[in-house]
Amino acid sequence: MKVLVATEKPFAAKAVNAIKQEIEGAGHQLVLLEKYTEKQQLLDAVKDADAMIVRSDKVTPDVIDAAKNLKIIVRAGAGFDSIDIAYAKEKNIVVENTPGQNSNAVAELVFGMLVAAVRNFYNGKSGSELMGKKLGILAYGNVGRNVARIAKGFGMDIYAYDAFCPASAIEADGVHAVANQDELFKQCDIVSLHIPATPETKQSINYTVVNQMPKGGIVVNTARKEVINEAELIKLLGEREDLKYVTDIKPDAEAEFQKFEGRFFTTPKKMGAQTAEANFNAGLAAAKQINAFFKDGCTKFQVNK
Ligand code: NAD
């Protein structure tokens with residue numbers, strides 16, 4: 001089978017070597033398309049591929065149509081909103097992600113940004129501490145669980161809400177489960193977003209939701225910019241000078257957010273999964289999943305069932 005690794009932003013060399021060994025070790029052929037600049041390069045490369053590994057690369061219907069032999073696409077990472085999974089399903093192409101491989105990296109960044117936020121981004125003024133603060137985790141998935149684990153070390157009081165994870169599973173980790181998203185915002189000093197971008201969650205973090213936070217509230221976003229209603233959050237930050245917004249996903253309206261000096265921070269580009277460890281783990285997991293798919297028909301991580 002021909003396995004295409006199509007990455008606008010390539011894997012680290014160590015990860016590419018591990019992927020190559022894994023794929024070739026199973027008797028498949030590996031083809032690399034790295035740092036491509038034109039869509040046409042991807043359309044040409046995918047033509048005779050049986051499987052494809054991507055990172056944040058966009059897999060749109062035209063890419064899927066060009067890939068006549070394609071059976072499986074694996075997104076090396078968690079978020080798969082860059083792939084048209086419904087169209088892939090129509091064409092009988094399995095789409096998988098590699099959950100959990102970059103979760104610790106993202107969770108550590110949450111605390112990197114939070115410490116900076118409570119210390120006023122090191123502007124010389126006295127700040128506050130995370131210990132004893134109420135932390136709300138919105139979505140208790142792979143990243144959310146790692147955030148809870150690290151928050152325990154900081155001595156935080158931890159709350160979580162997940163639409164699909166039972167409260168008992170949250171409580172089993174020593175985390176308070178709350179009944180709904182509103183409760184999380186009402187009760188917590190800090191809310192960390194870990195919801196995927198879905199039709200239900202897009203634009204869901206809006207004026208009314210965030211305005212429920214107590215004085216000095218901080219929203220930290222390592223999820224997706226699409227879950228934020230930017231216009232409404234800008235309005236709220238304008239009205240409430242006590243609130244802060246820190247994000248790993250640069251907003252579309254960055255210039256307007258930057259006006260809230262000392263209360264807004266964005267990484268220059270999405271940095272959550274940008275560690276050597278996450279890069280390696282996600283790439284190797286993708287290769288292993290492709291081998292398992294061709295060997296045994298395993299679709300354990302399929303996201304378009
Ligand atoms: P995950 O699939 O392990 O967990 C997502 C959780 O969200 C699940 O537990 C699910 O039940 C819950 N959920 C879904 N819809 C919900 C809703 N409407 N309300 C409440 N909970 C809901 O994913 P993850 O690995 O924890 O990653 C979470 C998100 O973080 C990803 O979807 C991705 O968008 C983002 N992410 C960002 C980076 C980065 O570089 N900043 C890296 C990895 C992931």
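Helices and strands here are DSSP runs, numbered from the N terminus, where a helix has at least four residues and a strand at least two. The structure is a predicted model.

**Glu261**

Between helix 11 (254-258) and strand 12 (264-266) runs a loop, and Glu261 lies in that loop. Glu261 has a relative accessible area of 73%. Exposed means over 50%, so Glu261 counts as exposed. Along the chain, Glu261 and Asn206 are 55 residues apart, and 20 Å separates their C-alpha atoms.

**Ligand site**

There are 23 residues around the ligand, and those that come nearest are Asn142, Val143, Asp162, Thr222 and Asp248. By class, this shell holds 11 nonpolar, 8 polar and 4 charged residues. The table lists polar contacts made by oxygen atoms of the ligand.

| Residue | Protein side of the contact | Distance to a ligand oxygen atom |
|---|---|---|
| Asn142 | N or O atom in the side chain | 2.7 Å |
| Val143 | polar backbone atom | 2.8 Å |
| Arg224 | N or O atom in the side chain | 3.3 Å |

The ligand taken alone exposes 860 Å², and 85% of that area is buried by the protein. Asn142 and Val143 thus appear both among the residues that come nearest to the ligand and in the table, with Asn142 contributing its side chain and Val143 its backbone.

**Largest cavity**

The count of cavities of 30 Å³ or more comes to 1. The volume of the largest cavity is about 30 Å³. Its lining is made up of Val210, Met213, Gly217, Ile218, Val219, Leu233, Leu237, Leu243, Lys244 and Tyr245. Strand 10 (218-221), helix 10 (230-239) and strand 11 (244-247) are the elements that give two or more residues to this lining. Sorted by class, the lining of the largest cavity has 8 nonpolar residues, 1 polar and 1 charged. Lys244 is the charged one, because Lys counts as charged, and Gly217 is the polar one, because Gly counts as polar.

**Second largest pocket**

The second largest pocket has a volume of about 210 Å³. It is lined by 16 residues, of which Val118, Ser128, Lys133, Gly216 and Ile218 are the closest to its centre. The lining of this pocket divides into 4 nonpolar, 6 polar and 6 charged residues. Ile218 is found in the lining of the second largest pocket and also in that of the largest cavity.

Technical notes
Residues are numbered from 1 along each chain as its sequence is written. This is a predicted model: local features need pLDDT of at least 70, side-chain atom pairs count only at pLDDT 80 or more; totals for chains, interfaces and linings use all residues. Side-chain values use heavy atoms; hydrogens and water are left out. Buried means under 20% relative accessible area, exposed over 50%, partly exposed in between (1.4 Å probe, protein chains only). On a 1 Å grid over the protein atoms alone, a cavity is a set of points where a 1.4 Å probe fits but cannot get out, and a pocket is an open set with protein on both sides within 12 Å along at least five of seven lines; lining residues have an atom within 4 Å of a point. Grid points are joined across faces, edges and corners, and a volume is the space filled by probe spheres set on the points. A residue is near a molecule or strand if one of its heavy atoms lies within 4 Å of it. A polar contact is a pair of N or O atoms within 3.5 Å; within protein, one must be able to donate a hydrogen and the other to accept it, and residues adjacent in sequence count only if both atoms are side-chain atoms. Accessible areas come from the Shrake-Rupley method with a 1.4 Å probe; for residues, only the protein chains shown count as cover.
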